[in-house]
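Biologist: Got a minute to go through this one with me? I'd like to ask about the fold and then about the empty space inside.

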Amino acid sequence: MSVDPPAPDPAGIRILPDDTRYPSVSRGFNPRWHARPEYVRLVATPQEAAAALQEAVQESPRHPGKDRITVRSGGHCYENFVCAPDVRMIIDVSLMNGIYPDEEMGAVCIEAGATNGDLRKRLFLTTGKVLPGGSCPSVGAGGHVPAGGFGLLSRQYGLTVDYLYAVEVAVVRDGRVELVRASSDTDDIALNDLWWAHTGGGGGNFGVLTRMWFRGLPTAPEHVILSAGGWKWSGIDKPSFTRIVQNFGDFFERHSEPDDPFGALFAILLLNHATQDKIGLIAQIDASVPDADRLMTEFHDAMTDGPHAELALEPLTEGYGEYPAFSGLHTPTPLPWDTVEKLLGPVDNNRCGKHKSAYMQRPLPDHHIDAMWDALTEDLGPGVKRDAVVQIDSYGSQVNVPAPDATAVDQRSSIIKLQHQVYWPAPGAGEAELAWIRRLYKTMYSDTGGVPVRQGPERKVSATDGCYIGYPDVDLNDPEWNESGQDCYRLYYGDNYQRLQRAKAYWDPDNVFRSAQSVRLPGAER
């Protein structure tokens, strides 16, 4: 007699602690962050996500202090917002990874579990279109896009959220879960707030994001010109270091208008610790723009002007930060666009790390450069290395076209963007590394209370313009490290925070979705 297989669970696959899959779905990409949830739900459809969430909100926590419900897509959150000891249950959306044209919506649908690698395979290869976001192939769209994701095509085409037409979210109101669609063109204020909150308000704040629809996506470049080289630290002194940083900032201050010929050029300056081999410089430009070869040459000429002019750019033979080693690309090289996407994958996920950020409206002032020089050239003793980098990304051009309140990304006047990074082997506590990055950051921004403060609507009063929610940093909550009088919400969201709170109050009134830096309900303690 045949036995019928068990009916599929309408809430997805339930992963318990004794399941061989449990260690993979209960940790972050950064091995610093682990959880021991009662179970994890792997969901493959929006309906399964809603059913898993309904089940979770109806359950009572079995252990005191272990009551959070979190959502995981690619697992790349830099803090323990998803994977932490107080997490009771995780909804993992990585199986919900479809990418397809939706004729009814007149848009391309990207499900929240799709990764940057999926986008290359199923968006670019099937449609020729591109979402101008990050290049790390394992980053999930469900976290990357709501943070206001950006990448090597953003100066040319803007941010991911500049194309976001609609979202579908499983929300909890009065204990009842509902799948809600919200779009940019709805007349309903609450629905419009829900869409808008996902254009830079951060992931995991309002519900379980299941699907996103994008309109007007740009066509991917057929070819790009890429260069990836570096200057040997052994030939760098402080005047050379200073000039390199100044050249980078000055160049993008001159070339950050939307119609600038260099708008299609994106560059990354990797200021690695001096115990590593080189300072890195990566640059990419769409090969189809007029005079692309000449523009790339002019950029390199601008970057090599100064006391380091005799130092040749050499291959990057080591991985720096989250970038791998490159071979044979220290001179500009034409490549198919998707080849670059494959080259810029992550180094590994076996290192613990700590990250901080800053938007800059002007080139770095001297005291910022002095602080970086001191931190990056510290004497650690014979044979000791520091796995650390201050990464400076070009910004501006098409990124700065939308008004600050058109999306939840308030920072629309920056020219460069910093990511301060330090890593250490896992497992490990990283006390020395954490002390190093905290000291560097507080020294860099010592004149503004240890953080890169926002300056209000004037926009050009200060060089700094806050922090990026895509690189969350819980030290912003700590008065030992933030003496500015501006909390993390001001630093992340500026004048847009009040509307995010309005969306929170309507769509997550019971604060189901919370973390150390989640959007707070109006009037709640911070």
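**Strands first, then a cavity**

Modeller: Sure, and keep in mind that this is a predicted model. Let's start with strand 7 (residues 164–173), which pairs with strand 9 in the antiparallel sense over six bridges.

Biologist: Which residue in strand 9 does Val 167 stand opposite?

Modeller: Strand 7 and strand 9 run antiparallel. In strand 9, the residue across from Val 167 is Met 212.

Biologist: Over how many bridges do strand 6 and strand 9 pair?

Modeller: Strand 6 covers residues 107–111, and its pairing with strand 9 is antiparallel. One facing couple is Val 108 and Phe 214, the latter in strand 9. The count for strand 6 with strand 9 is four bridges.

Biologist: Is strand 9 mostly covered or mostly exposed?

Modeller: Strand 9 spans residues 208–214. In the sheet order 5-6-9-7-8, strand 9 sits between strands 6 and 7. With buried meaning under 20% relative accessible area, seven of the seven residues of strand 9 are buried, so to speak: mostly covered.

Biologist: Why is one side of strand 5 and of strand 8 left without a neighbour in the sheet?

Modeller: The sheet is open, with five strands in the order 5-6-9-7-8 and antiparallel pairing. Strand 5 (99–102) and strand 8 (176–183) each have a single partner strand, so one side of each stays free, because they stand at the edges.

Biologist: What does the twist average from one strand to the next?

Modeller: We're still on the open sheet ordered 5-6-9-7-8. Going from one strand to the next, the twist averages 20 degrees.

Biologist: What domain does the UniProt annotation place on residues 32–219?

Modeller: Over that stretch the chain is 22% helix and 26% strand, with the end C-alpha atoms 38 Å apart. The UniProt entry is unreviewed, and its annotation for residues 32–219 reads "FAD-binding PCMH-type".

Biologist: Now the empty space: what volume does the second largest cavity have?

Modeller: The structure holds five cavities of 30 Å³ or more. For the second largest cavity, the volume is about 130 Å³.

Biologist: And which helix gives the most to the lining of that second largest cavity?

Modeller: Of its 15 lining residues, those closest to the centre are Val 130, Leu 131, Gly 134, Trp 337 and Glu 341. The lining divides into nine nonpolar, three polar and three charged residues. Helix 3 (116–127) and helix 9 (337–343) each supply at least two. The top contributor, with five residues, is helix 3.

Note on methods. Residues numbered from 1 in each chain as written. Predicted model: local features only at pLDDT ≥ 70, side-chain atom pairs only at ≥ 80, totals over all residues. Heavy atoms only, no water. 1 Å grid on protein atoms, 1.4 Å probe; cavity = no way out; pocket = protein on both sides within 12 Å on 5 of 7 lines; lining within 4 Å. Points joined across faces, edges and corners; volume = space filled by probe spheres on them. Nonpolar A, V, L, I, M, F, W, Y, C, P; charged D, E, K, R; others polar. UniProt positions renumbered as here; feature names shortened; annotations may be inferred. Buried < 20%, exposed > 50% of the residue type's maximum accessible area, 1.4 Å probe, protein only. Pairing = 2+ DSSP bridges. Axes fitted to C-alpha atoms, helices over the stretch in contact; angles between N-to-C directions.
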